[in-house]
Amino acid sequence: MKKNGARILLDALLNNGVDMVFGYPGGANLTLYDEIHKQTEIKHILTCHEQASTHAAEGYSRSTNKLGVVFLTSGPGATNGVTGIADAMLDSTPLLIITSQVPTYVIGSDAFQEADVIGITKPITKHNYLIKDINKLYDTINEAIFIATSGRKGPVLVDIPKDVHAQVVEDFIPKKLKIRNSYSIKTEIKTEEMMPGIELIVNAKKPIFYCGGGISASSQKTIENLYKLVKLTKFPITTTLMGLGVYPESEDESLHMLGMHGSYEANMAMHDADLLIAIGVRFDDRVTGKLEKFSPNSKKIHIDIDPSELNKNVKVDVSINGDCGIAIEKILELLNGKFLQDLSPWWQQIDIWRKVKCFKYKQDDKSVILPQFALDRLYELTKSKNPYFTTDVGQHQMWAAQYCKTLKSKHFITSAGLGTMGYGVPAAIGVQFANPNDLTICITGEGSFMMNIQELATLKRYKIPVKIVMLNNNYLGMVRQWQDAFYEGRHTEVDFTDICPDFIKLCDSFDIKAKIVENPSYLDDGINEMLEENKPYLLIIKTKRDENVFPMIAPGAGHREMLLGQEI
Amino acid sequence: MQQVEIYIISDNDEGVLVKVCNLFAARGFSIETLHAQPLNQDKTISSISITTSLPFDKLQNIKEKLLQIVPIIDVKIFIQSEI
């Protein structure tokens, strides 16, 4: 059958179950957008900036475990998307980015809107391709999707020149997927590999599970098996920011998040543990603190699908390379009938740490809202609806992680590795498109919100009911907190009082409802009013200006050296 | 620092050499010698050999990171001498 390159691309996407793409048209991908016009199977979502397309695709992917697909044009289109691609790389999010390139015969001539996209994106993609031969297009797209969604997931970029999009193949016959030999993923874990770990688990008196994004990215069955495993062993479990929700935080075994702004009990338990079972994590510096002081007396088991993560930052005693879903299943199987140690002294110790109540706060003042109180109320008033939370980056992100308890996996979507301000609103758009019947709440601050503020227009166009809750303290709060803590309070370029626009008028021009809440006694009414609206809504909560995020581990300190804030 | 020889077998895709070199450059290590050539008549498989100095505790990670580059089939690192 006669087909052009753009149509072959859409065929390959359809064949892989893609039904929604995010993107932005331009000169080099006109043919592709013409083909989109002619069909109805793939829905295209237009954002107002390429960065937002990539973030929206990330939100779509991370809330569903499906592949996120982005169409960008050449040159500036692709370079605008770079932040989102790097973000997906660090958070191991499966994305397929189709950038268009100037025609093959002008590549390298500094043509209009030409950029070396392959060169620019090499270090921030799992793999990338430039397609100059239309006969390789279909196979390459199939391979790219396989690479993006298998093993440790990640972004894969395919750069297609304009003339390849337009070139016509007279008799196109799709072939079956054949993966190159050099790309192999370990699909099996042998019992012998697991046994040293099982021995450690059986003998552990002070064990702890340390779980992360690897489990979030895994299947629902893995989440269920992890639940069974924790209930069987009664070991405490702490998760990273990426792993929030893999184990319901309402359960007794959950010690909440660990790390720099994690809970006191989780960090103390990590320090004192005699066995660390790390699954799908990468011992990030925000989690470990100073490496020499990180869990000094424990044996460590590390399970990860990516062999380069094993023994990278922290040397472990048992390293198991493989899919965490298979590993958890194996552990369940091998622990069957085995007796574990008595953990009651360990739980008594944990209960002592818990009594510190590191997240407590005092909303005494009747005139100003504490951010902790605002998010606490937001969580309480929405928890029955199991909302998807997306966040931007800064103080509000950490407060959201601390107070909006996540009960289900894939329900807390945040830019963890790269820490991209401006992630929240576009990610929420992606989440809402993937889950049209669920409540999606973006928690943001005024600094992050204004980084991708143009996406209000996307909300206006598609009328999707994304709820945005902005904690407004007219500061770049996290930077201000660090300037106070480590730079003797010299505030440089963090005061946003003169920068912030009139958000109500702004939203009015986008036909989006907005409301400001300044008084604690009106907070619940404001949140309820937002929830009743079946349209996009911006709730601006004016919060205490100089509130800091606690508890905190200062950079370079160990888990035992937590700062708990003044009031505690 | 350790003087090492690194031998890489790879599918002969365009851009593999750039990725390999960038892996060292991004970590602040410079390559001392570099040799690349096709291994078969169709020129579908290539070999790359590199000599450089690396910290001993980074060797395993660099090997894994090289293997992560999709077209790379095999990596072997030989330790020459300690510097």
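**Exercise 1. The chain contact**

Task: find how many residues of chain A are in contact with chain B, and how that side of chain A divides by residue type.

Solution. Step one: 13 residues of chain A are in contact with 15 residues of chain B. Contact here means C-beta atoms, placed from the backbone, within 7 Å. Step two: the chain A side divides into five nonpolar, five polar and three charged residues. Ala, Val, Leu, Ile, Met, Phe, Trp, Tyr, Cys and Pro count as nonpolar, Asp, Glu, Lys and Arg as charged, and the others, Gly among them, as polar.

A note on the model: it is predicted, local features need pLDDT of at least 70, side-chain atom pairs count only at pLDDT 80 or more, and totals for chains, interfaces and linings use all residues. Residues are numbered from 1 along each chain as its sequence is written, while chains are lettered from A and ligands numbered from 1 in the order in which they are written.

**Exercise 2. The sheet around strand 5**

Task: give the strand order of the open sheet that holds strand 5 of chain A, and name its edge strands.

Solution. Helices (H or I, at least four residues) and strands (E, at least two) are DSSP runs, numbered from the N terminus. Two strands pair if DSSP finds at least two bridges between them.

1. The order is 3-2-4-5-7-6 in chain A, with parallel pairing.
2. Strand 3 (43-46) and strand 6 (127-130) of chain A are the edges; each pairs on one side only.
3. From one strand to the next, the twist averages 20 degrees. Angles run from 0 to 180 degrees between N-to-C directions, with axes fitted to C-alpha atoms, for helices over the stretch in contact.
4. Strand 4 (residues 68-72) of chain A pairs with strand 5 over five bridges. A:Phe71 stands opposite A:Ile98.
5. Strand 5 pairs with strand 7 (residues 155-161) of chain A over seven bridges. There, A:Ser100 has A:Ile160 as its bridge partner.
6. Strand 6 joins strand 7 of chain A through four bridges, and A:His127 faces A:Val156 across that pair.

**Exercise 3. Burial of strand 5**

Task: which residues of strand 5 of chain A point each way, and are they buried or exposed?

Solution. In a regular strand, side chains alternate between the two faces of the sheet. A:Leu95, A:Ile97, A:Thr99 and A:Gln101 point one way, and A:Leu96, A:Ile98 and A:Ser100 the other. All are buried. Buried means 20 or more other C-beta atoms within 10 Å of the residue's own; exposed means 12 or fewer; partly exposed lies in between. Seven of the seven residues of strand 5 (residues 95-101) of chain A are buried, so the strand is largely enclosed by the rest of the structure.

**Exercise 4. A:Tyr210 and its sheet**

Task: place A:Tyr210 by its bridge partner and its contacts.

Solution. Strand 9 (residues 207-211) of chain A runs parallel to strand 10 (residues 237-239), joined by three bridges. A:Tyr210 stands opposite A:Thr238 in strand 10 of chain A. Beyond four places in sequence, A:Tyr210 touches A:Thr238, A:Leu258, A:Met270, A:Leu276, A:Ile277, A:Ala278 and A:Val281.

**Exercise 5. A:Val368**

Task: where does A:Val368 lie, and why is A:Val368 classed as partly exposed?

Solution. A:Val368 lies in the loop between helix 14 (344-354) and helix 15 (371-382) of chain A. A:Val368 is partly exposed because 16 other C-beta atoms lie within 10 Å. A:Val517 is 149 residues away in sequence, but 9.9 Å away in space, C-alpha to C-alpha.

Notes: Contact = placed C-beta atoms within 7 Å.
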